[in-house]
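This briefing gathers what can be read from the model about its nonpolar cores, a few individual residues and one helix. Please keep the structure in view while going through the points below.

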Amino acid sequence: MSPDAPDSPDAPDDLAGVAPSTHPVGSDVPSGAGLRALTRRARKGHGGAPWYKIFGDLYTYVFTAAIAIVVAVQGARLLGGGINTDATSQHAALVDPVWLVLVAALAVVGPTLALLVRLGPVAVGSAGALWWLPTPADRASLLRPTALGWLGLGAGVGGLVGVLIGLVGEPAELPWLALAGVGIGVALVGATILAQTSNASPVRQARHSRLVARFGDALPAVAVLAWLGLALTDPAAPALHPAIVAIPAGVLAVVALVGVLLRVGAIPGAVLRTRGARIGEATTAVLTMDLRALGRALTDAGADVRRRSSSLVTARGRMTAMMTADALLLARSPGRITNILAATVLPVAVAAAGASPIVTALTLVVGGSLTATALGAGARAGEHAPALDRVLGMSARATRGARVLLAAIVAAVWAAVVLGVLAVLLAGGFGISWLALALAVAPGLAGTGIITAYRRTPDWSKPLVITPQGAYPPDLFSAVALGPALALVTVLPAAVALVVGPAVVLVQIQVVLSAILVLVALHVRGVQKPGQPTGLMARAQAQAEQQQAKQPPRR
């Protein structure tokens, strides 16, 4: 019998605890690295492109990444210039750059943590779950390349974020901030990987992951609230050198790296399959340019969540039932509530921090875009699976009308609060013109959220547009940039009012834009019957049912 066989007393320790295999007793058990090498050779044998094609792909990826980094760096410099630190300036900053660096780091760490927890990060796709996991190969050497790749990605992204934060807050301490970003990125990724090795049950582990992801979603709102509090209280910044953060972050990164290398083989197979399915869903959404599917993959709870039943006292008919369902969906989504809170406080915090009216107007556009996206949650759920539309028997136009009305009510509250506080800070008072402007912008934001939710996915059956970055469908812009573009158009009159004042002509323009957006949101392409599916998956299911009905019955 071979000394490497699983039943041999001299078998290596990395096979301890592995279920007995169906291999013959005399066969050699491949290691995880050998199994990966075998997979690479099989994939190479099925590939049709020559090896030198990789240089063209690398050139495209590196060039695109370089352009993105340059744009991000220039944007950070402009933002750092817009938030003036000169005490003699008209718009002098009230927040010390040290506080600004800490707040920006907190705002970045939260979404990063939530993304890592939801994606795994170590996972195995459907093919790996079918062919790799059942084998008696060493799981540690099988998963170690994936873990190291995620750690490298965390180091790169963390270093880039540290550079951008340094350009905004403390350009003189750029190297130390970059090192701190690298350490924090590696430590975060390592901590999430080590959390996957827990011996808890899958249900309990999913519950813990959901709580950590919600905590990460809430950190940006906490950071914005902290920024507002710092701007109002103006406390003295601690005399901390970035090295005080960079050195402990580096130590934590080394500890996390060693722990991952030692414990990565203990990740259960069920966790690898679950996270792999989510990564596959997100990858498919990215490749098909479907941002709605990508949002579902990155924000879904991942399992059925039990909630307390609601009495639904506001549901008095089909219209109010639809509005009640969307309101409950919004109230039971902590991530969307956090986005609305951050969108409310962000322009106020920027204005209170002494930023110029132009920078404040830009943050108002960002806040309007976040609010419109959050208010379209019910419409996106209905577009994906129109179960409630079918049960209530409502037409597509009536369904959109109910959702626009609810979104307009919430948007009116948001606009009144934000524009009211900004008017007091920048214009010295909140008058009837500001109130009219707030009430006029609310339907436009509601229409933007509904239009974005019901937009068509890119049609890959049409003739593709050939670019140096690859081939894309002709309607890619409407599928990717429609939401931010409409949010910019909607909030533009209110943003201009922050600079020049709430003129009557701006209120009139705002009313016209909002009316147009509401009419477009209520417009339905073609004749829509009550309960007819509108989502991509629902339409595919309806087509499959029609084809099955046309088939002759079996005898």
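Arg 214 has a relative accessible area of 31% and therefore counts as partly exposed, because that class lies between the bounds of under 20% for buried and over 50% for exposed. The model is a predicted one, and the points that follow take up the surroundings of this arginine, another partly exposed residue, the cores, a helix and the aromatic rings.

**Arg 214 and its surroundings**
- Arg 214 belongs to helix H7, a helix that spans residues 202-233 and is one of the elements giving two or more residues to the largest nonpolar core.
- Although Arg 214 and Gly 110 are 104 residues apart along the chain, their C-alpha atoms are separated by 9.1 Å.

**Leu 329 and its contacts**
- Leu 329 lies in helix H11, which covers residues 318-331, and with a relative accessible area of 30% this leucine is partly exposed.
- When residues up to four places away in sequence are not counted, Leu 329 touches Ala 377, Gly 378 and Ala 381.
- For Leu 329 and Ala 377, the C-alpha to C-alpha distance is 7.6 Å, while their separation in sequence is 48 residues.

**The nonpolar cores**
- The largest nonpolar core comprises 62 residues, and those with the most contacts inside it are Trp 227, Leu 364 and Trp 414.
- Two or more residues of this core come from each of helices H3 (97-119), H7 (202-233), H12 (334-352), H13 (357-375), H16 (396-427), H17 (432-453), H19 (482-500) and H20 (504-522), with H16 giving the largest share, 11 residues.
- Because domain 2 (92-297) and domain 3 (318-524) both give residues to this core, it lies between them.
- A second core, separate from the one just described, has 26 residues, among them Ala 129, Leu 151, Leu 188 and Ile 267.

**Helix H17**
- Helix H17 has 22 residues and reaches 33 Å from its first C-alpha to its last, which is close to the 32 Å expected at 1.5 Å a residue.
- This helix, H17, is mostly covered, as 16 of its 22 residues are buried.

**Aromatic rings**
- The structure holds zero aromatic pairs.
- A ring does, however, take part in an arrangement with a charge: the charged end of Arg 400 sits over the ring of Tyr 454, at 4.2 Å from its centre.

Terms used:
Residues are numbered from 1 along each chain as its sequence is written. This is a predicted model: local features need pLDDT of at least 70, side-chain atom pairs count only at pLDDT 80 or more; totals for chains, interfaces and linings use all residues. Side-chain values use heavy atoms; hydrogens and water are left out. A nonpolar core is a set of buried Ala, Val, Leu, Ile, Met, Phe, Trp, Tyr and Cys residues joined through side-chain atoms within 4.5 Å. Buried means under 20% relative accessible area, exposed over 50%, partly exposed in between (1.4 Å probe, protein chains only). Helices (H or I, at least four residues) and strands (E, at least two) are DSSP runs, numbered from the N terminus. Domain bounds come from an automatic or database domain assignment. Rings of Phe, Tyr and Trp (its six-membered ring) pair if their centres lie within 6.5 Å; planes under 30 degrees apart count as stacked, over 60 as edge-to-face and the rest as tilted. A charge sits over a ring if NZ of Lys or CZ of Arg is within 6 Å of the ring centre and within 35 degrees of the ring normal. Contact means heavy atoms within 4.5 Å. The expected span of a helix is 1.5 Å times one less than its number of residues.
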